[in-house]
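Here is a friendly note to read alongside the coordinates. Please keep the viewer open while you go through the points.

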Amino acid sequence: MKKDRLLWFCTCTTLELMTATGVTAYLLYLGQTTIALISGIVFAKVIGFHFIIELHERLKKGKIILKS
């Protein structure tokens, strides 16, 4: 289980999440709130898309079991 958590840090979604946080925080630091907001929205859409695709792939492989 620990290996899976370490490998998660190398995925595209995680790298995008860290980049989005850094870029948005830096823009806020510079006082560019409008551009930071636009950046956050764009990154949120891309990251959300990748989380959905990753969840779909895990469901397809049978690693996640949903209880109803």
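The numbered points below go from the overall picture to single residues.

1. A word on the origin: this is a predicted model. The secondary structure of the protein consists of 3 helices and 0 strands, and from the N terminus the order of elements is α-α-α.

2. Now the overall surface. Of the 68 residues in the protein, 15% are buried. The accessible surface is about 5,800 Å², and carbon and sulfur atoms account for 71% of that. As for contacts between residues at least 6 apart in sequence, 48% of them join residues at least 24 apart.

3. Helix 2 is a good place to start. The helix covers residues 12-30. Its 19 residues span 27 Å from the first C-alpha to the last, close to the 27 Å expected at 1.5 Å a residue. Just after helix 2 comes Gly31, with a positive phi of about 85 degrees.

4. Helix 3 can be read in the same manner. Residues 33-61 form this helix of 29 residues, and the distance from first to last C-alpha is 41 Å, close to the 42 Å expected at 1.5 Å a residue. Gly62, just after helix 3, has a positive phi of about 90 degrees.

5. How do helix 2 and helix 3 pack? Their axes are 9 Å apart and the angle is about 170 degrees. Helix 2 is therefore roughly antiparallel to helix 3, because an angle over 145 degrees counts as such.

6. The contact list between these two helices deserves a look in the viewer. From helix 2, the residues taking part include Cys12, Thr13, Glu16, Leu17 and Ala20. Helix 3 contributes residues including Ala36, Ser39, Phe43, Ile47 and Glu54.

7. Which residues of each helix are buried? In helix 2 they are Thr13, Thr14, Glu16, Ala20, Thr24 and Leu27. In helix 3 they are Ala36, Ser39, Ile47 and Glu54.

8. Is Glu16 buried or exposed? Glu16 has a relative accessible area of 16%, so this residue counts as buried, the cut-off being under 20%. Glu16 sits in helix 2. With neighbours within four places in sequence left aside, Glu16 is in contact with Phe43, Val46, Ile47 and His50.

9. Thr24 is another residue of helix 2. Its relative accessible area is 18%, which means that Thr24 is buried. Setting aside neighbours within four places in sequence, Thr24 contacts Ala36, Ser39 and Gly40. Ala36 and Ser39 are themselves buried in helix 3.

10. Glu54 belongs to helix 3. With a relative accessible area of 19%, Glu54 is buried; the cut-off is under 20%. Along the chain Glu54 and Thr11 are 43 residues apart, and their C-alpha atoms are separated by 9.9 Å.

11. Two partly exposed residues are worth selecting next. Leu17, found in helix 2, has a relative accessible area of 34% and so is partly exposed. The C-alpha atoms of Leu17 and Ala44 are 8.6 Å apart, with their positions 27 residues apart along the chain. Phe51, in helix 3, is partly exposed at 38% relative accessibility. From Phe51 to Thr13 the C-alpha distance is 6.9 Å, and the two are 38 residues apart in sequence. Both Leu17 and Phe51 appear in the list of residues that meet between helix 2 and helix 3.

12. How many salt bridges does a search of the whole structure find? The search finds 1, and this salt bridge joins the side chains of Glu57 and Lys60, at 3.7 Å from N to O. Glu57 and Lys60 both belong to helix 3 and are 3 residues apart, about one turn of the helix. An α-helix has 3.6 residues a turn, so residues three or four places apart point the same way.

13. The two partners of the salt bridge can also be compared by accessibility. Glu57 counts as partly exposed because its relative accessibility is 33%. Lys60 has 59% relative accessibility and therefore counts as exposed, the cut-off for that being over 50%.

Technical notes: Residues numbered from 1 in each chain as written. Predicted model: local features only at pLDDT ≥ 70, side-chain atom pairs only at ≥ 80, totals over all residues. Heavy atoms only, no water. Helix = DSSP H or I, 4+ residues; strand = E, 2+ residues; numbered from the N terminus. Expected span 1.5 Å × (residues − 1). Buried < 20%, exposed > 50% of the residue type's maximum accessible area, 1.4 Å probe, protein only. Contact = heavy atoms within 4.5 Å. Areas by Shrake-Rupley, 256 points an atom, 1.4 Å probe, with all protein chains shown as cover. Salt bridge = Lys/Arg side-chain N within 4 Å of Asp/Glu carboxyl O. Axes fitted to C-alpha atoms, helices over the stretch in contact; angles between N-to-C directions. Parallel < 35°, antiparallel > 145°, perpendicular 65-115°, else oblique.
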